[in-house]
Structure formats: C-alpha cells, structure tokens
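Welcome to a short set of exercises on reading a protein model. Try each task with the structure in view before you read its worked solution.

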Amino acid sequence: MRIDVVTIFPGYLAPLRESLLGRAADAGLIEVALHDLRSWTHDVHQTVDDAPYGGGPGMVMRPQVWGEALDAVIASDSRPPRLVVPAPAGRSFTQATARAYATEQRLVFACGRYEGIDQRVVDHYSRQFPVDEVSIGDYVLVGGEAAVLVIVEAVARLLPGVLGNPRSAAEDSFSDGLLEGPAYTRPEVWRGQAVPEVLRSGNHGAIARWRRDRALERTAKRRPDLLAALPEDRLDAADQAF
Ligand SMILES: Nc1cc(-c2ccc3cc[nH]c3c2)n[nH]1
C-alpha cells in the first residue's frame, strides 16, 4: 500500500516512520510519502489560507494551492487513490472503515488546518476518485495530522505481515463487534489481586466462555450501542444474559 500525506507540518507525521510502521515500511508493505503543501505556493509568504466568504472566525485553506498539490501528488504514482480528508464533520472512522481502507492500493490524506479546506477541493476530486471526509471522534483537533496518525496506524496493523501476531487483529476490540475483556499476565498475585482462577485452569472451553462473558459485560456497561448494533445471529443462547 502506498500512503501519501499532504500537510503544512510534515514533521508532525515523522512518527509514521517509527516502530510498527517503520518495520512495515522497511519490509516494503507500506510506502509512506510526506508532502509539504507550501511547496505548491508561489508567493514569498507561501500563503495557504484566506478569509472565509460570508465572514466568521478564522481562515480557510485556499483551493488553488490544494488543487496544484493534489494534482501533483496523485499523478506521482499510477495506483488509483482514495482521498481521505480528516474533518470534525466527517463520517465516523471505525474499525469497519479501517478494514475497508486496508484493501485499498493507495490512500492520499489531505491534512487541513485553520477552519478547514475550501469545500470545492473535496467536491472537485469527488468527481474523479472516492473521497471520504472522516472524523476520528466527537472532539475538535487543531488540524488533520493527528487524525492521519490514528487512521494510518489502525489501517496498517490490518495489513498482512505488519503485525507479529496476526491473531491480534482478528481478536481485538470491535473485530467481533464487542469490546475486548480484561487481560492478565504473571505474577499470579499482584498487590493482593489474584488472576481469575478460570484463566489458570487449562479448561479452554471454560476460558473461552469466561472471556466472552467479560467482553459482553464490558460492552453492555461501556458501549451498549455496540451491543444493540450486533446482528441477532452474533449472540448465542448463553449470551442472552447480557
Ligand atoms: N475527529 C476530528 C477531526 C478533526 C479535525 C480535522 C481537520 C482539521 C482542520 C482544522 N481543524 C481540524 C480538525 N477534529 N476532530
């Protein structure tokens, strides 16, 4: 997968080259290219923003600069892109979105700042490519860069070969529609708290049932919306207690 990120703060995306993603990049599983939006300005001040039509606070990012940047970046690789624009008003980015993005050959991220990017940029590219405005949560950031770090990590970990243990991705929270339950490791007792007996029993059937119960219990308490959204056939008779 090729990932391009256009931003006025390329340094903010440097962590994409570290750890998990660094190994994936070294292994050729992911190709990450960072582009400074200001490279496509033509004035001495490298202006990327202007006052909003209709008035209001803050500034809006200029369509001309974004158009030249995205034209150049998209043309720099033959793989057809999905354009992803983080925005507070975007559709929610979920594990399902991450799974869908993990099947893409190429993702191009447009990181806004200020009050966002002139809407005509999204409208223009939506006529040629899939374009998603996505939100990573119901809170407001100062720009799209942090959201790109979150999205790229959630997507990259699903790519074959990126995670050391592929079963992790299959069994983590949200993968089966439930939150994952509590996890324990040695020592058996820590500050007077013992590991639940069943986990040391060696009875794999009982362990699976206990883990499912803890996941259902936690989901019912913390995210009843996820439980309500589960398809009927995903809950068996033993699950009905939640
Ligand atoms: N989920 C979420 C996205 C954002 C976001 C995304 C892009 C920009 C550009 C300027 N402010 C931004 C905020 N905040 N919260």
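**Exercise 1. Which strands does helix α5 lie across, and at what angle does it run to β6?**

Step 1: Find helix α5 at residues 145–156. Helices (H or I, at least four residues) and strands (E, at least two) are DSSP runs, numbered from the N terminus.

Step 2: Look beneath the helix: α5 lies across β1 (2–7), β5, β6 (106–110) and β7.

Step 3: Compare directions: α5 runs at about 165° to β6. Axes here are lines fitted to C-alpha atoms, for helices over the stretch in contact (heavy atoms within 4.5 Å). Angles run from 0 to 180 degrees between N-to-C directions.

Before going on, a word on the model. It is a predicted one, where local features need pLDDT of at least 70 and side-chain atom pairs count only at pLDDT 80 or more, while totals for chains, interfaces and linings use all residues. Residues are numbered from 1 along each chain as its sequence is written, and side-chain values use heavy atoms, with hydrogens and water left out.

**Exercise 2. What is the order of the strands in the open sheet?**

Step 1: Trace the 5 strands of the sheet; their order is β2-β1-β6-β5-β7, with parallel pairing. Two strands pair if DSSP finds at least two bridges between them.

Step 2: Find the edges, which are β2 (31–36) and β7 (131–135), each pairing on one side only.

Step 3: Follow the twist, which averages 30° from one strand to the next.

**Exercise 3. Which residues of β7 stand opposite valine 85 and proline 86?**

Step 1: Locate β5 at residues 82–92, which pairs with β7 in the parallel sense over 6 bridges.

Step 2: Match the residues: valine 85 stands opposite glutamate 133, and proline 86 stands opposite valine 134.

Step 3: Check the cover of β7: 4 of its 5 residues are buried. Buried means under 20% relative accessible area, exposed over 50%, and partly exposed in between (1.4 Å probe, protein chains only).

**Exercise 4. Which element gives the most to the largest nonpolar core?**

Step 1: Start from the term: a nonpolar core is a set of buried Ala, Val, Leu, Ile, Met, Phe, Trp, Tyr and Cys residues joined through side-chain atoms within 4.5 Å.

Step 2: The largest such core has 28 residues, and those with the most contacts inside it are Ile30, Phe93, Phe109, Ile151 and Val155.

Step 3: Two or more residues come from each of β1, α1 (19–26), α3 (95–101), β6 and α5. The answer is α5, with 7 residues.

Step 4: Leaving aside neighbours within four places in sequence, valine 155 is in contact with Met1, Phe93, Ala98, Tyr101, Ala102 and Leu107.

**Exercise 5. Is arginine 191 buried or exposed?**

Step 1: Find arginine 191 in the loop between β8 and β9 (193–194).

Step 2: Note its backbone: phi is positive, about 50°, although this residue is not a glycine.

Step 3: Arginine 191 counts as exposed because its relative accessibility is 71%.

Step 4: Now try glutamine 46, in the loop between β2 and β3 (49–50). Its phi is near 55°, and at 36% relative accessibility glutamine 46 counts as partly exposed.
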